[in-house]
Amino acid sequence: MTKILLFLVNIYKKYISPLFPPACRYYPTCSTYMIDAIKKHGPLLGLIMGIARIIRCQPFVKGGYDPVSDQFTIFRNKRASDDYRRSMNLK
């Protein structure tokens, strides 16, 4: 199941995503986040995390740095984002 999901996301990333203008509000992109989440948490939890991330990627969200958390969560990785802002001396 993991290989199938990774294959589908990679197909999207390589062939479908380039047809649209870049619009992801987060780094890493949502497709890369999905791949990382599936690899780190397995197919079911990784898919849930990836779908939650896609739902968060909308015009009313600021976006920014949001890597996959070490613990399963459907929420943003606030700690990593705050650490990144501090290291870059951002507000």
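## A viewer tour, starting at His41

Select His41 and show its neighbours: leaving aside residues up to four places away in sequence, His41 touches Gly46, Met49, Val68, Ser69, Asp70, Gln71 and Phe72 (contact means heavy atoms within 4.5 Å). Before moving on, note that this is a predicted model, in which local features need pLDDT of at least 70 and side-chain atom pairs count only at pLDDT 80 or more, while totals for chains, interfaces and linings use all residues. Residues are numbered from 1 along each chain as its sequence is written, and side-chain values use heavy atoms, with hydrogens and water left out.

**Stop 1: around His41**

His41 sits in helix H2, which covers residues 30-41 (helices, H or I with at least four residues, and strands, E with at least two, are DSSP runs numbered from the N terminus). Is His41 buried or exposed? His41 counts as buried because its relative accessibility is 17% (buried is under 20% relative accessible area, exposed over 50%, and partly exposed in between, with a 1.4 Å probe and protein chains only). Now zoom in on the side chain of His41, which reaches the backbone oxygen of Ser69 at 2.8 Å. This is a polar contact (a pair of N or O atoms within 3.5 Å; within protein, one must be able to donate a hydrogen and the other to accept it, and residues adjacent in sequence count only if both atoms are side-chain atoms).

While you are in helix H2, pick Ser31 too. Ser31 is buried, with a relative accessible area of 13%. Not counting residues up to four places away in sequence, Ser31 touches Val9, Tyr12 and Lys13.

**Stop 2: the salt bridges**

How many salt bridges does the structure hold? There are three (a salt bridge is a side-chain nitrogen of Lys or Arg within 4 Å of a carboxyl oxygen of Asp or Glu).

Begin with Asp70 and Lys40, whose side chains meet in a salt bridge at 2.9 Å, N to O. Asp70 lies in the loop between strand E2 (64-65) and helix H4 (78-87) and Lys40 in helix H2, so this pair ties together parts that are 30 residues apart in sequence. Colour by accessibility and you will find Asp70 exposed, at 62%, and Lys40 partly exposed, at 44%.

Next, select Arg53 and Asp66, a salt bridge with its closest N and O atoms 3.7 Å apart. Because Arg53 is in helix H3 (residues 43-56) and Asp66 in the loop between E2 and H4, the pair ties together parts that are 13 residues apart in sequence. Both Arg53 and Asp66 are buried.

Keep Asp66 selected and add Arg56: these two form a salt bridge as well, with the closest N and O atoms 2.9 Å apart. Here too the pair links distant parts of the chain, with Asp66 in the loop between E2 and H4 and Arg56 in helix H3, ten residues apart. Asp66 has 0% relative accessibility, and Arg56, at 14%, counts as buried. Show Arg53, Arg56 and Asp66 together to see them linked in a network of salt bridges.

**Stop 3: the tyrosine pair and a cis bond**

The structure holds one aromatic pair (rings of Phe, Tyr and Trp, its six-membered ring, pair if their centres lie within 6.5 Å; planes under 30 degrees apart count as stacked, over 60 as edge-to-face and the rest as tilted). Select Tyr27 and Tyr65, which are stacked at 6.2 Å centre to centre with 20° between the planes. The pair links distant parts of the chain: Tyr27 in strand E1 (residues 26-27) and Tyr65 in strand E2, 38 residues apart. Tyr27 is exposed, at 57% relative accessible area, whereas Tyr65 is partly exposed, at 26%.

Stay at Tyr27 and follow the backbone to Pro28: a cis peptide bond joins them, with omega about -5°. Most peptide bonds are trans. Pro28 is in the loop between E1 and H2.

**Stop 4: out to the surface**

Finally, turn on the surface and select Ile4, Phe7, Leu8, Ile11, Tyr12, Tyr15, Ile16, Leu19 and Phe20, a nonpolar patch with about 950 Å² of accessible area together. (Patches are made of residues with over 30% relative accessible area and no salt bridge, like charges being joined within 9 Å and nonpolar side chains, Val, Leu, Ile, Met, Phe, Trp and Tyr, within 5 Å; areas come from the Shrake-Rupley method with a 1.4 Å probe, and for residues only the protein chains shown count as cover.) Ile4, one of this patch, is in helix H1 (residues 2-16) and is exposed, at 51%.
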